[in-house]
Amino acid sequence: MSGRLPHFVSTEPFDPGRTQALGTMRSERFMRASQGQLVWWRFCRHRLALFSLVFLGFAYASILISEFLAPYPLAARHTDFIFMPPQPVHLFHEGSLIGPFTYRMVGTLDMETLERSYAEERTTPMPLRFFCRGEPYSFWGLVEGNLHLVCPPDGGTLFLMGTDRLGRDMLSRVLYGARISLTIGLVGVALSFVLGLFFGGMAGYFGGRIDYWVQRVTEVLRSIPELPLWLALSAALPVTWSPLLVYFGITLILALLDWPSLARAVRSKLLSLREEDFTAAAVTMGARPARIIGRHLIPNFMSHLIASASLSIPTMILAETALSFLGLGLRPPITSWGVLLTEAQNIEAVALYPWLLFPMLPVIAVVLAFSFLGDGLRDALDPHAQV
């Protein structure tokens, strides 16, 4: 054995004074930190939750500029490229680095089997264009524009996720569909939280008959299977409603069926907090029940509410996707991930055109990200957790 010390053995002399000083500085840093800083430090230790937060931040930021990110407008049709598979992007042509480019696609139709096939014509590379002027669109339906992040080559195509039965670009439709699928979770959770805090707060603070009837209503709603109730209420929406009314109708249905679980949690917390000394002091000073509940009781378990919200949003997204997939949720011309998946209901279409299942990928990614984020928030907001 050589005389060299292992790499994990420090050659510096042990200095107890320096170690004690570092420990003192660390303790003072924690003692001077605010509650928000402590929560953030605990949250940053959960690497997967931190990555999920960044991913969701980019996802929700993208819905603000869907028109700019999408290579094609939402309803743009390319009848010469129906059911075209994902188009590859190349960097090298005949050994030379050119940059991102595509080749011209040539499609053929077998008149006996009616099967379409596509092949690349590898003679001339067609470079992609970035921050370019492409097909016009209406930004949020208010401002006309034609600036895109990436545009197909002049005289070429760019279908990174393939096309559907009408020749529409799947990538562009997934980007536009994120605007509906992601916001419906936020709006639905906001409505359910308002209902849950209102009814749960009244039941937990006042008790008596109010508590009795709120409990009975929540028990009835929780005893009904959710999926059949979703289907029944969604089917009851008038077919003459505009897409905007259908959107808010589906959101309201999801919110009405989600609030009982939150109401029960709020009720149980308020039943214990209303017996605390600070609640009695607020009552003695003449504070109204609404102020006591909103300013003194609910903030004491806001961390639990935030974690619950992060875990309820993916449930809303999955519910909308399931309803739209079954044809009882959002309907065209509204585009969501669930609406896009209706193309994949036919097993023959899935076998022949598997890229129609691509809208399922962002659903899985967003739901997993919210789940990891909820776990991280729950651990970070735990007052007994160590930093």
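Select His93 and Ser96 to begin: in this predicted model, His93 stands opposite Ser96 of strand β2. Stay with β1 and add His90 to the selection, whose bridge partner in β2 is Phe101. Now show β1 together with the whole of β2, residues 96-109, and you have an antiparallel pair held over 3 bridges.

Between those strands sits a hairpin worth zooming in on. Which residue of the β1 and β2 hairpin takes a positive phi? Pick Glu94: its phi is near 55°, in a connection with 2 residues between the strands.

**On to β3**

Keep β2 on screen and add β3. These two strands also run antiparallel, this time over 8 bridges. Two residue pairs help you find your way along them. Leu109 stands opposite Arg116 in β3, and Thr102 stands opposite Met126 in β3. The hairpin joining β2 and β3 has 6 residues between the strands, and there you should click on Leu114, which has a positive phi near 60°.

Zoom out a little to take in the sheet. It is an open one of 3 strands, in the order β1-β2-β3, with antiparallel pairing. Colour β1 (90-93) and β3 (116-127) to mark the edges, as each of them pairs on one side only. Look across the strands and you'll see that neighbours are turned by 55° against each other on average, ignoring direction.

**Two phenylalanines with positive phi**

Next, select Phe83, in the loop between α4 (66-69) and β1. Its phi is near 50°, which is positive although the residue isn't glycine. Is Phe83 buried or exposed? With a relative accessible area of 15%, it falls under the 20% cut-off and therefore counts as buried.

Then jump to Phe131, in strand β4 (residues 129-139). Here too phi is near 50°, a positive value in a residue other than glycine. Turn on the surface, though, and Phe131 is exposed, because its relative accessible area of 58% is over the 50% cut-off.

**Into the cores**

Hide the sheet for now and go for the nonpolar interior. Nonpolar side chains tend to be buried together in soluble globular proteins. The largest nonpolar core here has 55 residues, and the ones to select are Leu182, Ile250, Leu330 and Trp337, which touch the most other members. Show helix α8 (residues 243-273) as well: with 10 residues, α8 gives the most to this core.

Centre the view on Leu182. Leaving aside residues up to four places away in sequence, what does Leu182 touch? Its contacts are Ala59, Tyr60, Ile63, Ile317, Trp337 and Val366. Apart from the largest core lies another one, of 10 residues; to locate it, select some of its members, including Phe81, Tyr118, Leu158 and Phe159.

**A buried arginine**

Back to the helices: bring up α5 (residues 170-206) and pick Arg173 on it. Why does Arg173 count as buried? Its relative accessibility is 8%, and buried means under 20%. Show its surroundings and, beyond residues up to four places away in sequence, you'll find Arg173 touching Leu74, Asp164, Arg168, Thr335 and Leu340.

**The largest pocket**

Keep Leu74 and Thr335 displayed, since both belong to the list of residues that line the largest pocket. Complete that lining by adding Tyr176, Arg179, Ile180, Pro243, Leu244, Tyr247, Pro333 and Ile334. Colour α5 and α8 by element, and you can see that each supplies at least two residues of the lining. How much space lies in this pocket? About 330 Å³.

**Last stop: the whole chain**

Reset the view and show everything as a cartoon. The protein chain has 14 helices and 5 strands. Colour by accessibility next: of its 387 residues, 41% count as buried. If you draw a contact map to finish, look well away from the diagonal: among contacts between residues at least 6 apart in sequence, 67% join residues at least 24 apart.

How values were computed
Residues numbered from 1 in each chain as written. Predicted model: local features only at pLDDT ≥ 70, side-chain atom pairs only at ≥ 80, totals over all residues. Heavy atoms only, no water. Core = buried A, V, L, I, M, F, W, Y, C linked by side-chain atoms within 4.5 Å. Buried < 20%, exposed > 50% of the residue type's maximum accessible area, 1.4 Å probe, protein only. Helix = DSSP H or I, 4+ residues; strand = E, 2+ residues; numbered from the N terminus. Contact = heavy atoms within 4.5 Å. Pairing = 2+ DSSP bridges. Axes fitted to C-alpha atoms, helices over the stretch in contact; angles between N-to-C directions. 1 Å grid on protein atoms, 1.4 Å probe; cavity = no way out; pocket = protein on both sides within 12 Å on 5 of 7 lines; lining within 4 Å. Points joined across faces, edges and corners; volume = space filled by probe spheres on them.
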